[in-house]
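Reader: Could you walk me through a few of the labels used for this structure? I would like to see how each one is reached.

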Amino acid sequence: MAVKQEFTFLSGDGKTDVHAVRWMPDNGDYRAVFQISHGMIEFIERYEPFAAFLADKGYMVVGHDHLGHGKTAKTPEDWGYFADGESPEILIGDMNKLRTLSQEPDKPYFMLGHSMGSYLLRRYLSVYGGGLSGAVIMGTGANPDAVAKLGMAVCKAIASFKGWKYRSPFMEKLFFSGDFQKFDMDGTHPENSWLTKDTEIVRFYYSEPRCTFKFTLKAYYDFLKTVYYVNRKENVEKIPKDLPILMVAGDCDPVGEFGKAVKRVYEMYRAAGIKDVTLKLYENDRHEILNETDKERVFDDIFNWCESRQ
């Protein structure tokens, strides 16, 4: 039985107390640390079943609510807005602050990023990737530079009239277009959700205010800046060549173009000379593979991969 502890640390924005959680083995003794970076429009405690699984295996698991998410956002009006200025750098700085608070010299340290968190982790690895035992990139994608630049230009144009805190229906529609439209997008038909085939998870998601707020223009802009950053060859080449990387996704995940975009990221990393890159796509799984109907298999695969790289 995992022991859950909540705590806070000061964000790199200099003013926000970031809500964080650690899950410990019940005897308090752990042999490795596993840090989770959550996705867009959700919160860290959605990962509790996976965290408890790892804690039972002897890992300490840590994670935090990103700026503008979960309990880090002090009011609902703060949801969906990261920070003024260079938010992507602040976000990965917060990830590194949690790592600094949690890492010990004699214990292996792993990091996982899901969805938006996967893009943040990919950026993180190009700046702070040294000293990690491994990184799990989950539910990621790849967009051409032109697409990201166009999205940023649209955000700027709308913000010039509406302001950066405006929650744009147009940007939301643009962001969740294409392959997303093959699925239910609002929880009306949970059996056809893009998130997972587990209808109970879907129903919870769409009934939870922390999962149903709208992103601001600034948050879309900041996210697209990171999408653009991680697609640049020169930034991929900054990732340590000896860092083991596991890429996992569902082959029915629209974020990864049903696996095609994940394969492009995998090939990009291989071409950059990263020596140990593993790709695994889960058949018929959608976006949230840690919440899928075969999640136990995903849990085991990630754990076994980590165990083999200590």
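Author: Happily! The model is a predicted one, and a good place to begin is I274, which counts as buried at 2% relative accessibility.

Reader: Why is I274 called buried?

Author: Buried means under 20% relative accessible area. I274 has 2%, so the label applies.

Reader: Where is I274 found, and what does I274 touch?

Author: I274 lies in the loop between α9 (260-271) and β8 (277-282). Not counting residues up to four places away in sequence, I274 touches I239, P240, K241, L243, I245 and Y269.

Reader: What makes E42 buried?

Author: The reasoning runs along the same path: the relative accessible area of E42 is 3%, and the cut-off is under 20%, so E42 is buried. E42 sits in the loop between β3 (32-37) and α1 (48-56).

Reader: How do you know that E42 and Y47 make a polar contact?

Author: The pair of N or O atoms must be within 3.5 Å. The side chains of E42 and Y47 are joined at 2.5 Å, so that distance meets the limit. The side chain of E42 also reaches the backbone nitrogen of G39, at 2.6 Å.

Reader: Why are β1 and β2 said to pair?

Author: Pairing takes at least two bridges. Strand β1 (residues 3-10) and strand β2 (residues 17-24) have eight, in the antiparallel sense, so they pair. V3 stands opposite M24 in β2, and in the hairpin of these strands G14 takes a positive phi near 80°.

Definitions and conventions: Residues numbered from 1 in each chain as written. Predicted model: local features only at pLDDT ≥ 70, side-chain atom pairs only at ≥ 80, totals over all residues. Heavy atoms only, no water. Helix = DSSP H or I, 4+ residues; strand = E, 2+ residues; numbered from the N terminus. Buried < 20%, exposed > 50% of the residue type's maximum accessible area, 1.4 Å probe, protein only. Contact = heavy atoms within 4.5 Å. Polar contact = N/O pair within 3.5 Å; in protein donor to acceptor, adjacent residues only side chain to side chain.
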